[in-house]
Amino acid sequence: MPHLDDTGGFFIVAVDKIAEMPGDEGGIVFRQSANADRDSKKNNRDSRDGNWNVANRVAPVLPVRDETIVNSMRAQYGIDGDAAGLRDGLVTRATGDLNVSGTPQPKRLYYVSPGAKRLVAADGNAGGLQVVAVGVKAFERQAAPGAKCAYRLTQEGLDSMLPFLEKQIVRASLAEVEAILRRQQGEPQTAEAQRKDLLRDPDAPEGCWEKETVSAMKKVTPGCVVLVTRVREDAETARDEPRAKKAKKEKKEKKEKKEKK
């Protein structure tokens, strides 16, 4: 169970109320003192103003409106901010430190759908909605010299952002991905990977020997790079190999017959 291992799990239970408790036919009436009501309104107001809700320890949900962040993602990853919904779909829970230009730079950026953002904004000025978690952590601040964007993609947000990536993406074969992961984990390489790695170009990254992979790696710039396994392409190539061999053989036979004539 999550609570036994202290993994942060929680449970949601739906309770169907069929009757009032004995002696509570009139319902339960909650009474709040004037001081408690004043403190609650202050905490809600602080949350709307971008400060922590001191009573409930809940950080506010702040929209990210800095155009330079979205534009830098376009320059680094080729993500169209409008198509991906980044201009309206990025939020954060804390403004973060100031960068060299004096602009707040949040540490984490969360990606929310239009519907979720409308739900969060529906509270208006009431301040009664305490949002504990919202969206998917899509970007996290990085320190990469030479990178055009101050944020890297996260594993959690990759499913949402991958369809919009046009840069910084490398499609490698399954054997190459396995070799890279083995090197990172400190595990020994397979005999085939060792043989192919010895034959790779001197300027090719370690663990990359396929021509397409090396070409893609040479195009990336400093910063975050997304490595995608080329499983589907490998499967299609394997299916096409017999047909390609057959076509090559037929072409050769036709050429030989023509030369005999």
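**Entry 1: strands S5, S6 and S7**

I began with Phe139, whose bridge partner in S7 is Leu153. I was working on a predicted model, not an experimental one. Strand S7 covers residues 151–153. I found that S6 and S7 pair in the antiparallel sense, over 3 bridges.

Next I looked at the pairing of S6 with S5. Strand S5 runs over residues 108–111 and strand S6 over residues 136–141. These two also pair in the antiparallel sense, here over 4 bridges. I noted one bridge by name: Tyr111 has Val136 in S6 as its partner. So that I keep the order straight: S6 pairs with S5, and S6 pairs with S7.

**Entry 2: Thr92**

I moved to Thr92, which I found in strand S2, residues 90–92. Is Thr92 buried or exposed? I read a relative accessible area of 5%, so Thr92 counts as buried.

Then I checked what surrounds Thr92. I set aside neighbours within four places in sequence. Its contacts are then Pro60, Val61, Leu62, Val64, Pro106, Arg108, Leu109 and Tyr110. I looked at Arg108 again, as strand S5 covers residues 108–111. The side chain of Thr92 reaches the backbone oxygen of Arg108 at 2.9 Å.

I also took one C-alpha to C-alpha distance, from Thr92 to Pro63. The two are 29 residues apart in sequence and 6.4 Å apart in space.

**Entry 3: cysteines**

How many disulfides does a search of the whole structure find? I got 0. Cys149 is in no disulfide, and the nearest cysteine sulfur, that of Cys224, is 9.1 Å away. Why is there no bond from Cys224? Its closest cysteine sulfur, in Cys149, is 9.1 Å off, which is too far for a bond. A disulfide needs the sulfurs within 2.5 Å.

I then looked up how accessible each of the two is. Cys149 has 2% relative accessibility, so I wrote it down as buried. Cys224 has 14% and is buried too, because the cut-off for buried is under 20%.

**Entry 4: strands S8 and S9**

I turned to strand S8, residues 169–172, and its link to S9. The two run parallel and are joined by 4 bridges. Ile169 stands opposite Val226 in S9.

Which side chains of S9 are buried? Strand S9 covers residues 226–229, and its side chains alternate. Val226 and Val228 point to one face and are buried. Leu227 and Thr229 point to the other face and are not buried. I added a reminder on the pattern: in a regular strand, side chains alternate between the two faces of the sheet.

**Entry 5: Thr213**

I placed Thr213 in helix H10, residues 211–219. Its relative accessible area is 0%, so Thr213 is buried. What does the side chain of Thr213 join in a polar contact? I found the side chain of Arg230, at 3.4 Å.

I listed the other contacts of Thr213, again without neighbours within four places in sequence. Among them are Val170, Arg171, Ala172 and Ser173. Glu176 and Cys208 are also on the list.

**Entry 6: the second largest pocket**

Last, I looked at the second largest pocket, with about 240 Å³ of space. Which helix gives the most to its lining? I found helix H8, residues 174–185, with 5 residues. The lining includes Val177, Ile180, Leu181, Arg183 and Gln184. I also noted Pro205, Glu206, Cys208 and Met217 in the lining. Val225 and Leu227 line the pocket as well. Leu227 was in my notes already, as a side chain of S9 that is not buried.

Technical notes:
Residues numbered from 1 in each chain as written. Predicted model: local features only at pLDDT ≥ 70, side-chain atom pairs only at ≥ 80, totals over all residues. Heavy atoms only, no water. Buried < 20%, exposed > 50% of the residue type's maximum accessible area, 1.4 Å probe, protein only. Pairing = 2+ DSSP bridges. Polar contact = N/O pair within 3.5 Å; in protein donor to acceptor, adjacent residues only side chain to side chain. Contact = heavy atoms within 4.5 Å. 1 Å grid on protein atoms, 1.4 Å probe; cavity = no way out; pocket = protein on both sides within 12 Å on 5 of 7 lines; lining within 4 Å. Points joined across faces, edges and corners; volume = space filled by probe spheres on them.
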